[in-house]
Amino acid sequence: APRDVIQSAAEGYQLDMWANQPYRPEVWIEKDALIGVIESVCSQWDLPHFSCRGYTSQSEMWEAGQRIQKWIDGGQTPMIFHFGDHDPSGKDMTRDITERLRMFMGGVELHRMALNMDQVRKYKPPPNPAKITDSRASVYIKEFGKSSWELDALEPKVIVGLIAGSVKKILDAETWDEDVRRMESERKLLQKTADRWSDVARMMKKKRKK
């Protein structure tokens with residue numbers, strides 16, 4: 001029924017909260033297993049999030065480049081918050097993303113949010129031996145030694161806090177609050193339309209007869 005359709009629209013109505021912001025952030029995380037950790041905070045801040053599943057495929061990277069270029073063309077500054085293991089491959093993935101996006105669309109502001117050595121020293125996650133068979137191991141070991149650390153070892157609240165803190169630093173709070181009020185107002189209007197659908201339908205029928 002039309003009332004049910006409008007009711008569903010009211011419940012799911014959502015503005016693009018970043019449309020009027022100077023920045024356009026996304027969260028990229030190395031492992032599918034950690035998507036569940038970040039979903040709630042990303043939903044709270046209307047943040048696109050993406051599991052790289054190791055090294056991101058060429059087609060996915062091209063699509064990301066096209067999406068990011070669209071934000072640039074619209075006058076916004078795209079920003080990637082990247083999360084990965086602190087091991088030879090995990091560190092190299094940050095370089096890989098940076099370089100391939102530079103190749104596809106000229107580059108983007110990328111911040112490696114975790115796991116970094118200052119966080120290893122602060123939170124003391126359990127170490128693992130660096131994967132010596134990894135072709136990138138020699139460069140890694142020269143800089144960091146023979147230990148590596150997994151992002152999974154950080155408590156979820158730490159990862160969530162890093163995302164929320166980074167968002168708050170780049171957010172135009174006044175514009176955000178205005179858009180929240182507008183979204184709530186428009187959602188209420190849809191809800192009123194659903195609640196009074198019989199009256200709306202009668203009014204529309206009268207207009208058609210005139």
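These questions and answers cover strand pairing and nonpolar cores in a predicted model.

Me: Is strand β1 mostly covered or uncovered, and how many of its seven residues are buried?
Reply: Strand β1 spans residues 23-29. Buried here means under 20% relative accessible area. The strand is mostly covered, and the buried count in β1 is six of seven.

Me: Which strand do seven bridges join to β1?
Reply: β1 has a parallel pairing with β2, residues 49-51, over three bridges. In that pairing, Trp28 has Phe50 as its bridge partner. Another parallel pairing places Pro25 opposite Met79 in β3. The strand joined to β1 by seven bridges covers residues 77-83 and is β3.

Me: What is the handedness of the β-α-β unit made by β1, α2 and β2?
Reply: β1 and β2 run parallel. Helix α2, residues 35-44, belongs to the unit together with these two strands. The unit is right-handed.

Me: Which element gives the most residues to the largest nonpolar core?
Reply: That core has 34 residues. Elements that each supply at least two of them include β1, β3, α5 and α8. The top contributor, with six residues, is α7.

Me: Which residues in α7 (156-170) does Phe83 contact?
Reply: Phe83 is among the residues with the most contacts inside the largest core. Beyond four places in sequence, its contacts include Val27, Trp28, Met113 and Leu151. Helix α7 covers 156-170. The contacts of Phe83 there are Ile159, Leu162 and Ile163.

Me: How many residues make up the second, separate core?
Reply: Among its members are Cys52, Met61, Ile80 and Met105. The residue count of this second core is twelve.

Terms used: Residues are numbered from 1 along each chain as its sequence is written. This is a predicted model: local features need pLDDT of at least 70, side-chain atom pairs count only at pLDDT 80 or more; totals for chains, interfaces and linings use all residues. Side-chain values use heavy atoms; hydrogens and water are left out. Buried means under 20% relative accessible area, exposed over 50%, partly exposed in between (1.4 Å probe, protein chains only). Helices (H or I, at least four residues) and strands (E, at least two) are DSSP runs, numbered from the N terminus. Two strands pair if DSSP finds at least two bridges between them. A crossover is right-handed if, with the strands pointing away from the viewer, the path from the first strand over the helix to the second runs clockwise. A nonpolar core is a set of buried Ala, Val, Leu, Ile, Met, Phe, Trp, Tyr and Cys residues joined through side-chain atoms within 4.5 Å. Contact means heavy atoms within 4.5 Å.
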